[in-house]
Amino acid sequence: EADKETNQRQSIGGQSSPLIAGDVLYVGNDDGYLRAFNKNDGKVLWEFRIGTPAKSSPVVSGNMLFVCDWDGNLYGFASR
């Protein structure tokens, strides 16, 4: 039963370290989603299904957000 609890916490908590840029917190998760949260109230601003667990922490460079998934795919997101 303890292993089930540990796995559930890991699934909810994700594996990547969070990144804060401005008022947004970004985090990749083991459920295959990259999510953006409002850092002040915790509400989900958007999410993108990358399909496999995010194993790198999100990184910002210029106006781009990057994250790498378990399969080695690199995703880039540009701000509007």
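The largest nonpolar core of this predicted model comprises ten residues: Leu19, Val24, Tyr26, Leu34, Ala36, Ile50, Ala54, Leu65, Val67 and Phe77. Three elements each give two or more residues to this core, namely strand E2 (24–28), strand E3 (33–38) and strand E6 (64–68). Ile50, one of the core residues, touches Gly32, Tyr33, Asp69 and Tyr75 when residues up to four places away in sequence are not counted.

**Sheet arrangement**

Four strands form an open sheet in the order E1-E2-E3-E4, and their pairing is antiparallel. Its edges are strand E1 (19–21) and strand E4 (44–49), each of which pairs on one side only. From one strand to the next, the twist averages 20 degrees. In general, the strands of a sheet pair through backbone hydrogen bonds, in either a parallel or an antiparallel manner. Strands E1 and E2 run antiparallel and are joined by three bridges. Within this part of the sheet, Ala21 stands opposite Val24 in E2; Val24 is also listed among the residues of the largest nonpolar core.

**Aromatic pairs**

The structure holds four aromatic pairs. Tyr26 and Trp46 form one that is tilted, with 6.2 Å centre to centre and 55 degrees between the planes. This pair links distant parts of the chain, as Tyr26 lies in strand E2 and Trp46 in strand E4, 20 residues apart. A tilted pair is also formed by Trp46 and Phe77, because their ring centres are 5.6 Å apart and their planes stand at 40 degrees. Here too, distant parts of the chain are linked: Trp46 belongs to strand E4 and Phe77 to strand E7 (residues 74–78), 31 residues apart.

The three residues of these two pairs have the following accessibilities.

| Residue | Relative accessible area | Class |
|---|---|---|
| Tyr26 | 14% | buried |
| Trp46 | 31% | partly exposed |
| Phe77 | 17% | buried |

The cut-off for a buried residue is under 20% relative accessible area. Tyr26, at 14%, is therefore buried, and Phe77, at 17%, therefore also counts as buried. Trp46, at 31%, is partly exposed. Tyr26 and Phe77 both appear in the largest nonpolar core.

**Aromatic cluster**

Which residues form one aromatic cluster? The members are Tyr26, Trp46, Phe48, Tyr75 and Phe77. Tyr75 is, in addition, among the residues touched by Ile50. The cluster thus has residues in common with the nonpolar core, including Tyr26 and Phe77.

Notes: Residues are numbered from 1 along each chain as its sequence is written. This is a predicted model: local features need pLDDT of at least 70, side-chain atom pairs count only at pLDDT 80 or more; totals for chains, interfaces and linings use all residues. Side-chain values use heavy atoms; hydrogens and water are left out. A nonpolar core is a set of buried Ala, Val, Leu, Ile, Met, Phe, Trp, Tyr and Cys residues joined through side-chain atoms within 4.5 Å. Buried means under 20% relative accessible area, exposed over 50%, partly exposed in between (1.4 Å probe, protein chains only). Contact means heavy atoms within 4.5 Å. Two strands pair if DSSP finds at least two bridges between them. Axes are lines fitted to C-alpha atoms, for helices over the stretch in contact, and angles run from 0 to 180 degrees between N-to-C directions. Rings of Phe, Tyr and Trp (its six-membered ring) pair if their centres lie within 6.5 Å; planes under 30 degrees apart count as stacked, over 60 as edge-to-face and the rest as tilted.
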